[in-house]
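Visitor: Hi, I'm new here and would like a quick tour. Could you put the structure up so we can talk it through?

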Amino acid sequence: MESIPLLSPCETGRFRFSHRIVLAPLTRNRSYGNLPQSHAMLYYSQRATEGGLLIAEATGVSSDAQGMSLILHTPGIWTKEQVEAWKPVVDAVHAKGGIFFCQIWHVGRASDMGFDGVEIHGSHGFLLEQFMKDSVNDRTDKYGGSLQNRCRFALEVVEAVVAEVGSDRVGIRLSPYANYLGCHDSDPDALGVYMAQELNKRSILYCSAVEPEMVTVDGKMQIPHRLHEMRKAFNGMFMVGGGYDREEGNRVVADGYADMVVYGRLFLANPDLPRRFHLNAPLNRYDRSTFYTNDPVVGYTDYPFLEDCELMINEEKLQV
């Protein structure tokens, strides 16, 4: 039978994962009033599997952490009401044996628990990355200037979260090569390696790194795979994401480039993505126009499972 590295189990710290396919933290913009809704229970439980890891959408830590007019309806976790609203969502994931981490964020200059662990949002141009990258950080105090100073705030946040929940329940997402919201760095290689080395000192569970944008080589889109040095520098579980498909995911796990692979758009459009990868079945196409709509169903919980696709195909054949 075909070897499928993505579907091999792995174990780290207190967690044992049945496969290496991770749901990326995808902003869904459907938490009206910054409260997780009943439709979030369905959305996350659809994508939960026994021993599979899901990362929740970015969740605000304070009332001024939200922001940006296009993503107003993002969940929070700073009030008792919000915590209570999350509980049935977490319970729905746990009922299917899933492992659920909450990604916490503060959008910084872009601004207008009941989980298994916490992922700190240190990527995509939001507050922590605004400190880390020299294109944005022009401070002259101990939080600006040198690479060590620019990374100080992010590492202090890591230490605060570790003190609250324990290092074996903490992960972080970084995008040293990205240029979101005008945040870029003059030496992303040094930034990635330095953060990996410093995170080792805090003994966190995992580091999830975003690949640079795909490039065209001989007419074909390819992932640059520039995270080698960062991967070698980090002692914990290393995740990668950014344009991966089944073939590339299997390859980087088999090669030891990554321990787990984070899927966003493919997992969004295919709630049963691990099963489809197991069967090497066709994938649903995602509809980009519905990524950030406010509809509780369309582009959210209406992507069909494999059995539903097969049923529709059979019905079409009968009609013909």
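Visitor: Thanks! How many aromatic pairs does a search of the whole structure find?

Guide: The search turns up 15 aromatic pairs. Do keep in mind that this is a predicted model.

Visitor: Can you show me one? How far apart are the ring centres of Phe101 and Tyr206, and at what angle are their planes?

Guide: The ring centres of Phe101 and Tyr206 are 5.7 Å apart, with the planes at 50°, so this pair is tilted.

Visitor: And is Phe101 buried or exposed?

Guide: Phe101 counts as buried, because its relative accessibility is 0%. Its partner Tyr206 is buried too, with a relative accessible area of 0%.

Visitor: What about Tyr286 and Phe291, what kind of aromatic pair do they form?

Guide: Tyr286 and Phe291 make a tilted pair, with 5.8 Å from centre to centre and 40° between the planes. Tyr286 has 32% relative accessibility and so counts as partly exposed, whereas Phe291, at 10%, counts as buried.

Visitor: Which residues form an aromatic cluster?

Guide: One cluster is made up of Tyr43, Tyr44, Trp86, Phe100, Phe115 and Tyr300.

Visitor: Switching topic: how many disulfides does the structure hold?

Guide: Zero. Take Cys102, which is in no disulfide: the nearest cysteine sulfur belongs to Cys207 and is 18 Å away. A disulfide needs the two sulfur atoms within 2.5 Å, so that distance rules it out.

Visitor: And which cysteine sulfur is nearest to Cys207?

Guide: That of Cys151, 12 Å away, and Cys207 is in no disulfide either.

Visitor: Are those two cysteines buried or exposed?

Guide: Cys102 is buried, with a relative accessible area of 0%. Cys207 is also buried, and its value is 0% as well.

Visitor: Let's move to the strands. How many of the five residues of β12 are buried?

Guide: Five of the five, so strand β12, residues 237-241, is largely enclosed by the rest of the structure.

Visitor: Which residues sit on which side of β12?

Guide: Met237, Met239 and Gly241 are on one side, and Phe238 and Val240 are on the other. They are all buried, which leaves both faces of β12 covered. In a regular strand, side chains alternate between the two faces of the sheet.

Visitor: How many bridges does β12 share with strand β9, and in what sense do they pair?

Guide: Strand β9, residues 206-210, pairs with β12 in the parallel sense over five bridges. Along that pairing, Val210 stands opposite Gly241 of β12.

Visitor: And how do β12 and β13 pair?

Guide: They pair in the parallel sense over three bridges, with β13 covering residues 260-263. Here Val240 stands opposite Val261 in β13.

Visitor: Through which helix does the chain cross from β12 to β13?

Guide: Through α7, residues 246-255, and this β-α-β crossover is right-handed.

Visitor: One more, then. Where is Asn270?

Guide: Asn270 lies in the loop between α8 (265-269) and α9 (273-279). Asn270 is buried, with a relative accessible area of 0%.

Visitor: Which residues does Asn270 touch?

Guide: Leaving aside residues up to four places away in sequence, Asn270 touches Arg276, Leu283 and Asn284. With Arg276 there is also a polar contact between the two side chains, at 3.3 Å.

Definitions and conventions. Residues are numbered from 1 along each chain as its sequence is written. This is a predicted model: local features need pLDDT of at least 70, side-chain atom pairs count only at pLDDT 80 or more; totals for chains, interfaces and linings use all residues. Side-chain values use heavy atoms; hydrogens and water are left out. Buried means under 20% relative accessible area, exposed over 50%, partly exposed in between (1.4 Å probe, protein chains only). Helices (H or I, at least four residues) and strands (E, at least two) are DSSP runs, numbered from the N terminus. Two strands pair if DSSP finds at least two bridges between them. A crossover is right-handed if, with the strands pointing away from the viewer, the path from the first strand over the helix to the second runs clockwise. A polar contact is a pair of N or O atoms within 3.5 Å; within protein, one must be able to donate a hydrogen and the other to accept it, and residues adjacent in sequence count only if both atoms are side-chain atoms. Contact means heavy atoms within 4.5 Å. Rings of Phe, Tyr and Trp (its six-membered ring) pair if their centres lie within 6.5 Å; planes under 30 degrees apart count as stacked, over 60 as edge-to-face and the rest as tilted.
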